[in-house]
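Colleague: I am new to this structure. Please take me through one part of it closely, and then place that part in its surroundings.

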Amino acid sequence: MAKDVKPTRKNLMEIEDRIELSERGHGTLEKKRDGLIMEFMDILDKAQDVRGDLADDYEEAQKKINMARAMEGDVAVRGAAAALQEHPEITTESKNIMGVVVPQIESSRVSKSLDQRGYGIMGTSARIDEAAESYEDLLESIILAAEVETAMKKMLREIETTKRRVNALEFKLLPDLYENQEYIEQKLEEQEREETFRLKKIKEKKEQQEKEAQEAEAAAEAEAEANAEDTGTAEPDMEQSTAGGVPGGD
């Protein structure tokens, strides 16, 4: 991935910003994951209790209904069941657990008194009353189990999703970003060293040129001074030569 990134300071700043954001996101997701796991463990403990109660209520209801059938007959049991006028009402609401929306099931008119069950009190026995009460308890356990099981499944899916996101950040995205950051930093350091070396060479060349110019200037000045001295020496000789030539002319 690093080969696809241009080693510029702009890209380095963008990658550093992404690293900072990803690290914050990784920390937040880790906290969410841990919180979800803790909530899931609480729900799991509750689900285990609910499952145990549901199994016990089912076994008890089966015993009661079998006893009623044996004592009263299937016709009497079916007639009592058919006499029910008010059926249970179930409403669902939602609650938020660590960002996960889980259902909250509310039920009403599940448990009933003798006069609310619809069948005549005088025409039935206590066996049918016990069977009806057992199945009312079983229905309440089923409703509670449905709420807990659904919440547990939603929490488990969210935990798996959060774990995948954490792993993607921890083992894929962040390592790639760190690799890109290191790659760009190395390239920028190389460019900086090359630039420093180039400027150093330019400076040395400029200093050499200035030195050569100074030496040339000094040599020119020395030559000019030497010429000036030669010219000054030659003028008195000419004067002397002229002075000696006049008497000779006489």
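Which residues in α1 meet which residues in α2?

Modeller: Keep in mind that this is a predicted model. From α1, Ile-65, Ala-68, Arg-69 and Glu-72 take part. They meet Asp-74, Ala-76 and Val-77 in α2. By type, the residues of this contact are four nonpolar, no polar and three charged.

Now the geometry. Two packed helices are described by the angle between their axes and by the distance between those axes. Here α1 and α2, residues 74-82, pack at an angle of about 120 degrees. Their axes lie 6 Å apart. Angles of 65 to 115 degrees would count as roughly perpendicular, and those over 145 as roughly antiparallel. The two helices are therefore oblique to each other.

Next, the core. α1 (9-72) also gives two or more residues to the largest nonpolar core, as do β2 (100-108) and α3 (126-249). That core has 14 residues. α3 supplies the largest share, six residues. Ile-43 and Met-155 have the most contacts inside the core. Leaving aside neighbours within four places in sequence, Met-155 is in contact with Leu-36, Glu-39, Phe-40, Ile-43, Ile-97 and Val-100. A second, separate core has seven residues, including Val-5, Leu-12, Ile-19 and Leu-177.

One last stop is the loop between β1 (89-97) and β2, where Met-98 sits. Its phi is near 55 degrees, a positive value in a residue other than glycine. Met-98 counts as partly exposed because its relative accessibility is 37%.

Notes: Residues are numbered from 1 along each chain as its sequence is written. This is a predicted model: local features need pLDDT of at least 70, side-chain atom pairs count only at pLDDT 80 or more; totals for chains, interfaces and linings use all residues. Side-chain values use heavy atoms; hydrogens and water are left out. A nonpolar core is a set of buried Ala, Val, Leu, Ile, Met, Phe, Trp, Tyr and Cys residues joined through side-chain atoms within 4.5 Å. Buried means under 20% relative accessible area, exposed over 50%, partly exposed in between (1.4 Å probe, protein chains only). Helices (H or I, at least four residues) and strands (E, at least two) are DSSP runs, numbered from the N terminus. Contact means heavy atoms within 4.5 Å. Axes are lines fitted to C-alpha atoms, for helices over the stretch in contact, and angles run from 0 to 180 degrees between N-to-C directions. Angles under 35 degrees count as roughly parallel, over 145 as roughly antiparallel, 65 to 115 as roughly perpendicular and the rest as oblique. Ala, Val, Leu, Ile, Met, Phe, Trp, Tyr, Cys and Pro count as nonpolar, Asp, Glu, Lys and Arg as charged, and the others, Gly among them, as polar.
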